[in-house]
Amino acid sequence: MELARRSLGKLAVATGATAAVGTGAGYLIGRPADAAATWKATGTAVPALAGFDNQMKAFMQARGVTAGQVAVTYKGRLVLARGYSTSTAMTVQPTSLFRIASLSKSFTAAAIVKLVQDGKLSLSTPVANILDITPASGLTRDSRWSTITLWKLLQHLGGWDRDVSGDPNFKDAVISRTLGVPLELQHADVIKYMAGQKLDFTPGTKYAYSNFGYLLAGRVIEKVSGLSYESYVKQKLLAPLKIKRMSLGYSIAKHSGETSYESQYSGPTVLDMTGKTVAAPYGSFSMRIQDANGGWIASAPDLVRWARMFDAPSSVLNSTSLGRVWAKPSTGVNADGWYYGLGWQIRPVTGGTGRNTWHTGSMPGTYTLLVRTSGGLSWAALFNRRDDASGKSYGDIDAAMWTAANGVKSWPTHDLFPQYFS
């Protein structure tokens, strides 16, 4: 079956801030010139799906990406799980962990929906009725905060536009100076700062992608559940699916099995007050602040396992909850026909009842993609960088994966899920 192309690359919605300024040549590791000589692939090779291997190899070698991973499901079965590397210094396994950046948003939105399903919350409740939204001394809270419901928060209709006022989740130094608090910031510092800023637009009147909205959602989860954000997601969402590898990532330290991250840029650290220059993926932004909007680490098999959960009602999310995830917002349907639901970008399929859903993730040292198709396919592609000297787009991986899928003549009947989840 020919799968409809979505031109996702030009529509990509990402977590990342503008790349940190600096030459940072010392951080540009792994170049196209040496990539071919050091290519390694792990996991079970599947001849019928060689197109995915070929596309990943071409993509990584053209950009000097040293670590990549892909997983593909067909009709709910894991049919491909592969790790790739172009560096002698590492071997990427199918279970290696990568920062997933904004793919984290689907977990946060699902956690809110789960609390609603369990009768602990209503999506119509204003976030200011749940959290303490108190500005710094001398500043006044915009009265429109009272209209920012959880629906608006999760659908990016909350009133913040990073193209107008910047992304507060990446304004660590500004917030530190304004509030007179030390780096590394706490979530409460970001909230206090934003409580004293004028909203960029009246909530509910337009779509504008907001990492800050999801930072707030994470704090709602903690306030209502009585658990840490990470604990709630692990206990209520991941454990029932036997997803055990995922965790919140660290700014500097690595989890066991986690890859390293690369960038051609450097910038001042936001982890302390020293102002020292660091490699962009290691301290130019705070992974602690990013938790609910972009902080998780996962493997590609973990992500397609997660994606499968949205295929049918379950004990995790019932049919009513799934309907909420896919619900069309009051405004914000793109001219190309897609809209942002709860943690997913959604495009209804013309002439049918299905939908293609996806999300991208991007931050210094990370580029990720997760796709679910109306044809019963899903795939995740993860990389340990988002920029390199070639200047090639990383959003091109979307078209590459669709090309690989469209080239499959016969889908395998095996299921690798039992190999990775028990």
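Here a biologist and a modeller talk through a predicted model, question by question.

Biologist: Let's begin with the sheet. In what order do its 8 strands stand?
Modeller: The sheet is open, and its pairing is antiparallel. Reading across, the order is β1-β3-β2-β13-β12-β11-β10-β9.

Biologist: Which strands stand at the edges of the sheet?
Modeller: An edge strand has a single partner, so one side of it is left without a neighbour in the sheet. The two strands that fit this are β1 (40–42) and β9.

Biologist: Which strands does helix α3 touch where it packs on the sheet?
Modeller: Helix α3 covers residues 50–63, and its direction makes about 30 degrees with that of β3. The strands it touches are β2 (67–74), β3 (77–85) and β13.

Biologist: Now for β9 and β10. Which residue in the turn of their hairpin has a positive phi?
Modeller: Strand β9 (residues 339–340) and strand β10 (residues 345–348) run antiparallel, joined by 2 bridges. Tyr-339 stands opposite Ile-346 in β10. The hairpin has 4 residues between its strands, and the turn residue with a positive phi, about 85 degrees, is Gly-343.

Biologist: And on to β11: which residue there stands opposite Pro-348?
Modeller: β10 is joined by 4 bridges to strand β11, residues 355–363, and the two run antiparallel. Opposite Pro-348 stands Arg-355.

Biologist: Which residue of β13 stands opposite Leu-370?
Modeller: Strand β12 (residues 366–372) and strand β13 (residues 377–383) run antiparallel, with 6 bridges joining them. The residue opposite Leu-370 is Ala-380.

Biologist: Is Ser-85 buried or exposed?
Modeller: Ser-85 has its place in strand β3. Leaving aside neighbours within four places in sequence, its contacts include Trp-39, Met-60 and Val-92. Buried means under 20% relative accessible area. The value for Ser-85 is 0%, so this residue is buried.

Biologist: Which backbone oxygen does the side chain of Ser-85 reach?
Modeller: Met-90 is among the residues in contact with Ser-85. At 3.3 Å, the side chain of Ser-85 reaches the backbone oxygen of Met-90.

Biologist: Turning to helix α7, why are its buried residues on the same side?
Modeller: In α7, residues 172–179, the buried residues are Asp-172, Ile-175 and Ser-176. In an α-helix, residues three or four places apart point the same way, because there are 3.6 residues a turn. The buried residues of α7 are on the same side because they cover an arc of only 100 degrees.

Biologist: Which helix do those buried residues of α7 pack against?
Modeller: α7 is followed by Gly-180, whose phi is positive, near 70 degrees. The helix that the buried residues of α7 pack against is α8 (187–195).

Biologist: Which two residues does a cis peptide bond join?
Modeller: One of them has its place in the loop between α7 and α8. Omega is about 10 degrees for this bond, and the residues it joins are Leu-183 and Glu-184.

Biologist: What is the phi of Lys-75?
Modeller: Lys-75 lies in the loop between β2 and β3. Its relative accessible area is 54%, so Lys-75 is exposed. Although Lys-75 is not a glycine, its phi is positive, about 55 degrees.

Biologist: One last lysine: what is the relative accessibility of Lys-242?
Modeller: Lys-242 lies in the loop between α10 (229–238) and β5 (247–248). Its phi is positive as well, near 60 degrees. Lys-242 counts as partly exposed because its relative accessibility is 43%.

Notes
Residues numbered from 1 in each chain as written. Predicted model: local features only at pLDDT ≥ 70, side-chain atom pairs only at ≥ 80, totals over all residues. Heavy atoms only, no water. Pairing = 2+ DSSP bridges. Contact = heavy atoms within 4.5 Å. Axes fitted to C-alpha atoms, helices over the stretch in contact; angles between N-to-C directions. Buried < 20%, exposed > 50% of the residue type's maximum accessible area, 1.4 Å probe, protein only. Arc of directions from axis to C-beta. Polar contact = N/O pair within 3.5 Å; in protein donor to acceptor, adjacent residues only side chain to side chain.
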